[in-house]
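Hello,

I am handing over the structure we talked about, and below it I have set out what was found, so please keep it open while you read.

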Amino acid sequence: MFENYKVFKTDFAGRPLVVETGKIAGLANGACLVRYGETVVNVAVTAASKPRDGIDFFPLSVDYEEKLYAVGKIPGSFLKREGRPSEKAILTSRVIDRPIRPLFPKDMRNDVSIVCTVMSVDPDCSPEVTAMIGTSVALSISDIPWNGPISGVSVGFVDGEYVINPNAKQKEVSTMAVTVASTEKLVAMIEAGANEVSDDEMFNAIMKGHEANQSIIEFIRSIQDEIGKTKFSYVSSNPSEDMLSKVNELAAEDLKFALDTNDKVVREERLKPIYEKVHTALDDIYPDEISKIDECMYKIQKNIVRRWLLDEQKRVDGRKLDELRPLDAEVALLPRAHGSGLFTRGQTQVLTVATLGPISDEQLLDGLDGETVKRYIHHYNFPSYSVGETRPSRGPGRREIGHGALAERALVPVIPKSEDFPYTIRLVSEVVSSNGSTSQGSICGSTLALMDAGVQIKAPVAGISCGLVTEGERWLTMVDIQGLEDFFGDMDFKVAGTHKGITAIQMDLKIDGLTPEMIKEALQKTHKARIYILDKVILKTIDKPRTELSKYAPKMLTINIDVEKIKDVIGSGGKVVQKICADCDVRVDIEEDGRVFISGTDVDNCKKALNIIKSIVTDPEVGAIYKGKVTRLMDFGAFIEISPGREGLCHISQLNSKRTEKVTDVVNIGDEVLVKVTEIYDKGRINLSRKAALT
């Protein structure tokens, strides 16, 4: 039945990698089922036969779909089916998108869709890496024009050794998690999180990944040679040479003047009349190609900026290649927030706000990996007003989710453990003005906000980006790129870290890849700039975390109790813990391992609740004195609760030093009295004496 069915096998980091084609998704332009260990991902790629009209970009979509059946789970939602993609899925889609996008023809406008469906997950074999390899295979064997293949690999560092595609146990102890995608000659993508590793350690990890990718690229090339389709022809979106020449003649000199400023607002105001002038002159000449006139304007501006950089080492705002834009920082802007920090770099401004909550505010995760909760959460918002636009807000897109995750990854290594700082931490970075490098601004703003909130971070973190322009064998890097240099340049190499080392990297490219020399220079330049920001800006604004939390932040006390005592603190149907919360105006969270977290706005109330819990979990001793409450009266004495759920009997003879005729002569229900434990017998029964406590 499946006459075109083929199976290709190889070994990848000591585990079998199997590619099956010709059996599933036969109507797609290209498809494959990839098995890595027991991880299985189906990848299908399709392309529109005609270009999309009226757009000036390549319409590529990459969807990484997590199916919970892959790990034997039923979705926890009301509908019991997968909903919108998780943040992990969106981030993986971006990681796959970034290395493949530059390898499509720049002038193609046909829609291309890539769907990676995760069908089975082996914890020791990354589904993300499997999906990237499957994407490369599917594109390579399809008829879609693409200059691949690529390969992707994960690199860890365990016990002083680099590990390719680390298994689940190795990931837990690895000091870095680096994803590297490569072409046959160049490094095409880097995504990294690390525990303050040195530049050299990171560079070597990238090179190890690049080296490991080569055998898989060769494997994919062999599949393409055997079953690959002929690539289809497409209609180019490039403007004609005649149009480009006319626009250049009309606008080139004016554009040079317009671009030559460090003020984004001034630049945009200068550009408006130039666009109007060109369209007035050429719209009637090219009535069916008006959109291509703007393409010509883009090409001319790009050429101007790149020529200035390559030929004159001149930047549009007049800075030197290693010079940062003016920097400023401020903390405690918002009086009611638990912590806030405003970081300004040129015309880019990011305000980050920190909120502290009890441990129970952790984010619950329902994904394919073993992570079930997240205690440190970072969100990034990019409103339209930050770039002077009027676009309505529709919630975070993939870019916002990606930038938030980068900032989160950069700061995770310095966040204190829950044992030392028993709070859930949420940071929100609001981009209030944008002219490039907002993700790195959010990292710096986050460090300020955390220290302002009194979070005892291990070390301050700063982020900076490095750009690149290339021409044949010529290339040049510049630090702290602004929006225009990102727009017309070839690279945005983002690095975050502390004085000690790197905590995160994200590399975006518009070219096929980087040489080792380019990577090394980018690491060197960002290292120097990062240290400058830490020393001259962040630490001069706030040199260490505040010693006290905001008066509006919840106060937190913790205690570790015997697991066997958890049921006593909770009580039947939760009555005991609910009463503690109501009486003390606090929140009590109890973990399965016996950790108890008490939070409230008043520390005295927290202490009161803590003492009650201590009284519950501490077994009473003969001779101990308690302040108890009378709960029941009998002819022979009174039952007195000395701690929630635990009471003892005070015999009528022990109520007073004088003879007592009736119990009610001394106590009534609800009275609070001091009593002393005189005897514990018969499975914990307690005898009490008010008389002994008073003498």
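**Salt bridges and a helix pair**

Arg409 is partly exposed, its relative accessible area being 23%. Please keep in mind that this is a predicted model. The side chain of Arg409 meets that of Glu191 in a salt bridge, with 3.0 Å from N to O, and this pair links distant parts of the chain, since Arg409 sits in helix α8 and Glu191 in strand β10, 218 residues apart. Glu191 itself is buried, with a relative accessible area of 9%.

Strand β10 also holds Glu196, which pairs with Lys458 in the loop between α9 and β18, so that parts 262 residues apart in sequence are tied together. The closest N and O atoms of this salt bridge are 3.1 Å apart; Lys458 is exposed at 52% relative accessible area, whereas Glu196 is buried at 7%.

A further salt bridge joins the side chains of Glu389 and Arg391 at 2.8 Å, N to O, where Glu389 is partly exposed at 42% and Arg391 is partly exposed at 41%. Arg315, Asp317, Arg319, Arg325, Arg345, Asp480 and Glu485 are joined into one network by salt bridges that share partners, and the count for the model comes to 43 salt bridges.

Turning to the helices, the axes of α9 and α11 come within 10 Å and cross at roughly 35°, in a right-handed crossing. Cys444, Thr447, Leu448 and Met451 of α9 meet Ile533, Ile538 and Thr541 of α11, a contact with five nonpolar, two polar and no charged residues.

Best wishes

Notes: Residues are numbered from 1 along each chain as its sequence is written. This is a predicted model: local features need pLDDT of at least 70, side-chain atom pairs count only at pLDDT 80 or more; totals for chains, interfaces and linings use all residues. Side-chain values use heavy atoms; hydrogens and water are left out. Axes are lines fitted to C-alpha atoms, for helices over the stretch in contact, and angles run from 0 to 180 degrees between N-to-C directions. Helices (H or I, at least four residues) and strands (E, at least two) are DSSP runs, numbered from the N terminus. A crossing is left-handed if the near helix is turned anticlockwise from the far one by less than a right angle, and right-handed if clockwise. Contact means heavy atoms within 4.5 Å. Ala, Val, Leu, Ile, Met, Phe, Trp, Tyr, Cys and Pro count as nonpolar, Asp, Glu, Lys and Arg as charged, and the others, Gly among them, as polar. A salt bridge is a side-chain nitrogen of Lys or Arg within 4 Å of a carboxyl oxygen of Asp or Glu. Buried means under 20% relative accessible area, exposed over 50%, partly exposed in between (1.4 Å probe, protein chains only).
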